[in-house]
Amino acid sequence: MATTVETVNISSINIEDPSLTFEPFPLPPSNQRPLGPPHPPNTTIPLALKPSEQNPTLESAISSIKSLQERKELTTLLSKHGALLFRGLPIHSATDFSAFAHAFGWSPHEIIGIVVERPLLAPNVAPANEAPKEVRIYNHNESPQVPHAPEYIFFYSKKSPGVGKGGETPVSSSLELFHRARAEIPEFVDLLVQKGIKSQVTYKFGRQYVGGSTLKEAFGKEILDGDDETTRKRKVEEQIQRYGRGEWTTWEWTKDEDGREDGIVLTHRLPVVRAQPGTNLPTLFTGLAAYYKNTVEARKGSAAGRKNVAQQLFGDGTPIPEEYLATLARITDEIRVLHRWEEGDVLVFDNVIAQHGREPWQGEQGDRVVLASLFDGDSVPGAYGYGEWAQVVQASA
């Protein structure tokens, strides 16, 4: 459950442009909360914004966003709040959403090593996740299990299950998570800084679970129908090498019980503690709490569980004590809010410092439709440790 707090009163913020003015507005305490340290006092997550005029046009909204971003104003707000909510804009389709997201001026993110199925619906727009509605996707930064992650994420609610039906998107701060973890389990944070994690991600020729990706979808964009086995493997390995991680990313082809190749296992040594660009504040860029929650649900045989396709160990290959992961999950529960969607809402995340997820919902699978668009920023998070593995890089073109 999200921490209960009193309603946040947001002082007037004047975000103006000749085309359109955005004004902050309060959300219910279940949807919005004041952030703890190291965030400045009275900083909320998410910061909710709406147009001051009724019936704005999409063109005026896009013009305003572009003008604001010439001065990096929205980028600055994101680096402070972690997430922005835009409500009341005339966004009615994947195409509208794509145009709005591209107005921020960031470069579209190419997903390398995707672990979920995301068919393209409009330029740089795909379903957020196709997992069954019963599956809970716990708080995480996007793509923590691979070296190449987006800096910014947009989510758009094309269809909402309705009040009381579930399907909320959890929102929390990775900066606050680090601060709390440092206070409560400092020895664990020290180990993460010193060792990082060893992330072993399994890809199969077939889908490993509903909503998951295949090896071809993850790394096979250059593969042609007529390619022989040797050529297919070479093209997959060439995509993996684009990570630019050298010895810190290795792979091994796997075989089934009959001796036939059935997939590949990638092993990455990655930093969990990273530095926010511009402030150098430490942030926990991770899916470890989600990994723990999925493990617990799997033991119970719960439908809410999600298959872990990535095994998570300390960077030296030793197991991570479960009590640390349980504490990390408890802290996440205490600092997150659950965003209840209204159709047309757009949530924008600074993926370096904010986490997201997905709650189960009642009704039909198609009662909740949320689309996503991922972007790269001007820089990747900085290293917080001293090992060569502690610095991630932008994947090569």
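Which residues lie nearest the centre of the second largest pocket? In this predicted model, they are His-109, Glu-110, Ile-111, Ile-114 and Arg-118. The lining of this pocket counts 24 residues. Its volume is about 500 Å³. By residue class, the lining of the second largest pocket holds 13 nonpolar, five polar and six charged residues. Several elements take part. Strand S7 (126–127), helix H6 (215–219) and strand S20 (369–376) each contribute at least two residues to this lining. H6 gives the most, with four residues.

One of the residues nearest the pocket centre, Ile-114, was examined further. Ile-114 sits in the loop between strand S6 (107–108) and S7. Its relative accessibility is 10%. Buried means under 20%, so Ile-114 counts as buried. Leaving aside residues up to four places away in sequence, Ile-114 touches Tyr-203, Ser-213, Glu-217 and Ala-218. The pairing with Ala-218 spans 104 residues in sequence. In space, the two C-alpha atoms are 4.7 Å apart.

The nonpolar cores come next. In soluble globular proteins, nonpolar side chains tend to be buried together. The largest nonpolar core in this model has 32 residues. Within this core, Phe-86, Phe-154 and Val-346 have the most contacts. Helices H1 (58–70), H2 (73–81) and H3 (94–102) are among the elements that each supply at least two residues of this core. Strands do so too, including S4 (47–51), S5 (83–86), S9 (152–159), S18 (346–350) and S20. The largest share, five residues, comes from H1. S20 thus appears twice: it supplies at least two residues to the largest core and at least two to the lining of the second largest pocket.

Phe-154 shows how parts of the chain meet. Residues up to four places away in sequence are again left out. Phe-154 then touches Phe-97, Ala-101, Phe-104 and Trp-106, among others. Its contacts also include Val-346, Leu-347 and Val-348. Leu-371, Ala-372, Ser-373 and Phe-375 are touched by Phe-154 as well. A second, separate core has 27 residues, among them Leu-177, Phe-188, Val-193 and Ile-331.

Enclosed spaces were also counted. There are four cavities of 30 Å³ or more. The largest cavity has a volume of about 70 Å³. It is lined by 13 residues, with Pro-147, Ala-149, Glu-151, Pro-381 and Val-392 closest to its centre. The lining of the largest cavity comprises eight nonpolar, three polar and two charged residues.

Methods: Residues numbered from 1 in each chain as written. Predicted model: local features only at pLDDT ≥ 70, side-chain atom pairs only at ≥ 80, totals over all residues. Heavy atoms only, no water. 1 Å grid on protein atoms, 1.4 Å probe; cavity = no way out; pocket = protein on both sides within 12 Å on 5 of 7 lines; lining within 4 Å. Points joined across faces, edges and corners; volume = space filled by probe spheres on them. Nonpolar A, V, L, I, M, F, W, Y, C, P; charged D, E, K, R; others polar. Core = buried A, V, L, I, M, F, W, Y, C linked by side-chain atoms within 4.5 Å. Buried < 20%, exposed > 50% of the residue type's maximum accessible area, 1.4 Å probe, protein only. Contact = heavy atoms within 4.5 Å.
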